[in-house]
Amino acid sequence: MTLLAVDELRVRVATDDRTLQIVDGVSYEVGEGRIFGIAGESGSGKTVSVLALMGLLPRGASVTGSARFEGDDLVAMPAAQLRQVCGREIGLVFQDPLTSFHPMLSVGRQLTEHLRHHYGASRGDARGRALALLEEVRIPDPANAFDRYPHEFSGGMRQRIAIAGALMCEPRLLIADEPTTALDVTVQAGILRLIDRLRRDRALSVILITHDLGVMSALADDLAIFYGGRIVENGPATELLAAPRHPYTRALLEALPHPESGRGEPLRGIPGAPAQPGSLPSGCVFHPRCAYAVDSCRTEVPPLRRLGDRALACPVDPFAP
Amino acid sequence: MSALEIRGLEVSYERRGREPVRAVVDASLSVGRGEIVGLVGESGCGKSTLARAAVGLIRPTGGTIVFEGRELPALDRGARSRAAARLQMVFQNPYASLNPRRRIGRQIADALAILGLADREERPRRARDLLERVGLPATAASRFPHEFSGGQRQRIAIARALAADPSVLVLDEPLSSLDASAQAQIANLLVDLSHGLGLGLLLISHDLGIVHQVADRVCVMYLGEIVEQGPTDEVWARPLHPYTEALIHAIPHPDGRRFMPEALPGEVPDPARPPSGCRFHPRCPVAFDRCTHEHPALEPVVDHRAAACWLAAERALMRTPGTAPRAVEG
């Protein structure tokens, strides 16, 4: 079952002197109880494409296309209704929990105000629910943690608390934007295991945004690779990572050190720099850096074609099985 | 002989009315010419403090730093000694370490001028040569830092460090603010510079994966101490210290095989109040009685390898090569 269906989503941002196309016709589906991964380098539009769904972009950004969440279109929805739907049904977790928490308010206050606002829960009910969730995300001594302040916790513990906060209203969908990027690897591993457990225990759908394909490999069921505001490849994560078909996906994976590869093998960087909004190349946005580009890549935008489980925006398809 | 030799380095931060924080405790390491030494550890382990002390940006509270055969004097009234100029540092964020309002060529020429390494007329040409050495076009000299991508800016920062004709570069997280594709390019550049120019590199990083790919030797730090060192391949294949092993098992594998990394229980303790005995014992899966009260020093275990663990000798004998991922429920 599909929980969220995004179709031809576009985001334009007007600056003083020009209009930037940040997201350019992105379509994907998030299944119930599945983890949908959005991967890409900085500036690829991965975060903006998700903030756009929730109406969290600054004024001046125009969003078109549709995003059907349980049948309702989030993009077309009036702002007040969108706030209701997002507040109750969608939980958000950001990279750095220290900046997403208010430093002067206790953890308990911040966990409960959401529930009290959206459901009018009593103070006692909200507290009970917060304590149960703190327990569920494995915060030692929840009753004590409830009265403490964000700075009193380590980065990993803060991220656990942020996840508890995102789950307070029992959302159907959790959006996690680089949830482990600011953490050390040994702490990251704990958060990955937590997200995996919550997803299984609660049949939660998750949109996981990260540049880290190792994290994707551990968690994602489905994976979309973003480049220059478009999806270049999309499909089941295990297959996509084991046998990438788009030249960009392949290049990105080859640029990474692999724990099982031999030392001294040079890494393969991708020539050039990632495409940035405002200076996007014509045709396929990856063509200036692509070793397989043909003439048509320079002029024609390749559509995302469905090929079995996979979808691919590359007419050359040099890695077809 | 090593180009840079750090012996028994100690850095303590004094705090009014409280116990000082020992950020670096009795750390020894050496970097030879043409050698890449990785220094890895998680946040707060003291690796950046060690790096800064190594180049004289922080005054150590103990130990010695011998550079090119001579003991490096501590920072003197804010100025580094002339002898230390051949020991250069590259920082994490090139956008912060480059002057945004000065053309690239000028910034590199400044370094040459300060050190009196080239005549005034010769400096622009030297600057262009250095830019080409790090893989940028000579025309970059007339442009400003904001006109470049993160990876290119890191190349510029490296070119400026090379202007001093260094024998050793200390690089503090030079790759961590870069995207994967740029990271690979800069990592390859570092290997190329080290081998091509006979430069010694001390590469500080939290990313054991990338260090494994480029470093000849690796030192692992935990809570202010070097707990293991040795040739990278061997440390990677057969970690002697349980902390090194935990670090390796925590790295995700980007191969689509759904490997779930392993977490380390507990939290990094407060460095102002380190645990008794082995500093790692409260989180160590194989700790026993002795670890709680006796502190293991970094001792040689087998050829070229040292570890600070009571079980290191036993682990060296018992363990077979290869670190097959183990599946553990979270």
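Just after helix H4 of chain B, Gly135(B) takes a positive phi of about 90°. Helices here are DSSP runs of H or I with at least four residues, strands are E runs of at least two, and both are numbered from the N terminus. This is a predicted model, so local features need pLDDT of at least 70 and side-chain atom pairs count only at pLDDT 80 or more, while totals for chains, interfaces and linings use all residues. Residues are numbered from 1 along each chain as its sequence is written, with chains lettered from A and ligands numbered from 1 in the order in which they are written.

Back to H4(B) itself, which covers residues 123-133. Its buried residues are Arg123(B), Ala127(B), Arg128(B), Leu130(B) and Leu131(B). Buried means that 20 or more other C-beta atoms, placed from the backbone, lie within 10 Å of the residue's own; 12 or fewer makes a residue exposed, and anything in between is partly exposed. Looking down the axis of H4(B), the buried residues fall within an arc of 160°, so they line one face of the helix. That arc is taken over the directions from the helix axis to the C-beta atoms. The cover over these buried residues includes helix H3 (104-115) and helix H5 (150-162) of chain B.

Now for the two chains as wholes. The table puts their overall numbers together.

| Chain | Helices and strands | Span along principal axes | Buried share |
|---|---|---|---|
| A | 12 helices, 12 strands | roughly 65 × 50 × 40 Å | 49% of 321 residues |
| B | 11 helices, 12 strands | about 70 × 50 × 40 Å | 51% of 330 residues |

Chain B has a radius of gyration of 21 Å, close to the 20 Å that the globule rule gives for 330 residues, so it is as compact as a globular protein of that length. For chain A the radius of gyration is 20 Å, which agrees with the value near 20 Å for a compact globule of 321 residues. The radius is taken over C-alpha atoms, and the rule is 2.2 Å times the number of residues to the power 0.38.

Contacts are next: two residues are in contact if their C-beta atoms, placed from the backbone, lie within 7 Å. Counting pairs at least 6 apart in sequence, 63% of the contacts in chain B join residues at least 24 apart. In chain A, the corresponding figure is 64%.

Ala51(B) gives a local example. It sits in helix H1 (residues 47-54) of chain B and is buried, with 22 other C-beta atoms within 10 Å. Beyond its neighbours within four places in sequence, Ala51(B) is in contact with Val170(B), Asp172(B), Leu202(B) and Ile204(B). Ala51(B) and Asp172(B) are 121 residues apart in sequence, yet 7.0 Å apart in space, C-alpha to C-alpha.

Leu202(B) has its own set of partners more than four places away, including Val37(B), Leu39(B), Ala54(B) and Val168(B). Leu202(B) is also among the residues with the most contacts inside the largest nonpolar core, which has 206 residues. Ile207(A) and Val220(B) are on that list too. Such a core is a set of buried Ala, Val, Leu, Ile, Met, Phe, Trp, Tyr and Cys residues joined through C-beta atoms within 7 Å.

Where the chains meet, 43 residues of chain A are in contact with 39 residues of chain B. On the chain A side, H8(A) gives the most, with 10 residues.
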